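This report looks at the surroundings of a ligand and at a pocket in one protein. Please have the sequence and the 3D view at hand while reading.

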Amino acid sequence: MTRPFTKVLIANRGEIALRIHRACQEMGIRTVAVHSTADASAMHVRLADESVCIGPPAARDSYLNMAALLSAAAITGAEAIHPGYGFLSENANFAEMVEAHGLAFIGPKPEHIRMMGDKISAKDAMRRLGVPLVPGSAGAVESAEQARAIAVEIGYPVIVKAAAGGGGRGMKVARGAHEIEEAWQLARTEAKAAFGNDEVYIEKYLDRPRHIELQVMADTHGNVVHFGERDCSLQRRHQKLVEEAGSPALDGAARDALGATVTAGLRQLGYRNAGTLEFLWQDGQFAFIEMNTRLQVEHPVTEMVCGVDLVREQLRVAAGEALGYAQSDITFNGHAIECRITAEDPVDFTPSPGRVNTYHAPGGLGVRVDSALYSGYSVPPHYDSLVAKLVVHGATRAQAIARMKRCLNEMVVDGIKTTIPLHARIMDDPEFQAGDYTIHWLERFVAR
Ligand code: MV4
């Protein structure tokens, strides 16, 4: 018999801290919120059973302060830590430290966080497990000469990427032999500066892919399932604005085939808890690029089409419980869309923190709003600008779009600028409505 957790510390803030708190409450688990001095009046602190101030506003001194988090867990008697996304969620050393203190880390094993954090070892693992990859170098590329030789072999254009990268930093495209040496050198320099690690690798550059990711969940008894895909192609400067489940580009057969390969592979690896595999999809083919070993911002669209509570599943498997269902029990119903509403100017994206005088969330059938906003709340300038995730479900994609438009009209966030008007424009666009977009679509859309 496994014992459920009775108290969990939530090592995060904002809407995701609230999201985790809600799952805990419904499972009868008490919650400990942690907060910086800037977040003393935040919603996650108000709602949690207990709260601990862990430091000043700067994240490095509070939400990234491992000693403060472990002390907060110790003094409150929490048995487990949920890291949310961002902050320490993909820090293998933190996961290790949590476990060394006799607490459960609600996430993957430290070894797998470390493995996927290094994009070269992640690709190496996926290759061994039979997951399709973008063609490229077998490992790190050590010299400009080696870069040139690999580029000739796989054919231009190529992309040089930082092994410690992700999120778009330390990437350089070379469109011909005349650009390869500079791309290799620039990627190395940028990687060293950003990550303190100058290891780089090379891939064939795909020029018009979609970004499609697969949600997985694994227990500690060898059961691994997937909850289908999300299309996250609508990004600007590597910040996602709109996500959908499923992808307008995919059919059930393509999803099932990829899912079967991935779940078999992760079972072999001994993976645990939630994960997301990122793929580029072009010309009817998947190519793995990275794996995220955390709960993602956009997980609600998956929850809407699968009717699952992914945080509940994370809490159950972290406590040692078996999933209790098979892949064939997971069904995909209708279509879901998420708009990430940020406190930014909708035209030039300059940050717009400050006091929200009036907040009114939309509602009705098939509507979910994940937000820590309230009327009178001041959005602090120290953190991510995400203020609300507006998520809708519809029987069809067209119905979901119509519902999203209605909700964007209904929503009021008064006192600060938000990206609501931009989301309304996207929903009205014929190309978006046709599902006809790649990762480059949004950059052009915002420029016109
Ligand atoms: C690529 C690519 C094209 N070809 N790799 C950007 C962030 C990082 N996660 C991987 N990225 C890309 N890798 C190959 N071989 C294009 C991108 C890319 C991108 C990917 C997903 C979503 C948005 C993007 C925007 C620009 C570039």
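How many residues of the lining of the second largest pocket are nonpolar, how many polar and how many charged? In this predicted model, the residues of that lining divide into 8 nonpolar, 2 polar and 1 charged. The pocket has a volume of about 170 Å³, and among the residues that line the pocket are Pro132, Leu133, Val134, Leu206, Asp283 and Phe286. Both β12 and β13 supply at least two residues of this lining, and the largest share, 3 residues, comes from β13.

The second subject is the ligand, which is surrounded by 17 residues, the closest being Lys161, Glu203, Lys204, Leu206 and Glu290. Three of its polar contacts are set out below.

| Residue | Atom of the residue | Atom of the ligand | Distance |
|---|---|---|---|
| Lys161 | polar side-chain atom | nitrogen | 2.9 Å |
| Lys204 | backbone N or O atom | nitrogen | 2.7 Å |
| Leu206 | polar backbone atom | nitrogen | 3.0 Å |

Taken alone, the ligand exposes 520 Å², of which the protein buries 91%. The elements that give two or more residues to the shell around the ligand are β6 (158-166), β8 (200-204), β12 (273-282) and β13 (285-292), and the residues of this shell divide into 8 nonpolar, 4 polar and 5 charged. Because domain 2 (135-204) and domain 3 (210-446) both give residues to the shell, the ligand lies between these domains.

Leu206 appears in both parts of this account, since this leucine is listed in the lining of the second largest pocket and is also one of the residues closest to the ligand.

Technical notes: Residues are numbered from 1 along each chain as its sequence is written. This is a predicted model: local features need pLDDT of at least 70, side-chain atom pairs count only at pLDDT 80 or more; totals for chains, interfaces and linings use all residues. Side-chain values use heavy atoms; hydrogens and water are left out. A residue is near a molecule or strand if one of its heavy atoms lies within 4 Å of it. A polar contact is a pair of N or O atoms within 3.5 Å; within protein, one must be able to donate a hydrogen and the other to accept it, and residues adjacent in sequence count only if both atoms are side-chain atoms. Accessible areas come from the Shrake-Rupley method with a 1.4 Å probe; for residues, only the protein chains shown count as cover. Helices (H or I, at least four residues) and strands (E, at least two) are DSSP runs, numbered from the N terminus. Ala, Val, Leu, Ile, Met, Phe, Trp, Tyr, Cys and Pro count as nonpolar, Asp, Glu, Lys and Arg as charged, and the others, Gly among them, as polar. Domain bounds come from an automatic or database domain assignment. On a 1 Å grid over the protein atoms alone, a cavity is a set of points where a 1.4 Å probe fits but cannot get out, and a pocket is an open set with protein on both sides within 12 Å along at least five of seven lines; lining residues have an atom within 4 Å of a point. Grid points are joined across faces, edges and corners, and a volume is the space filled by probe spheres set on the points.
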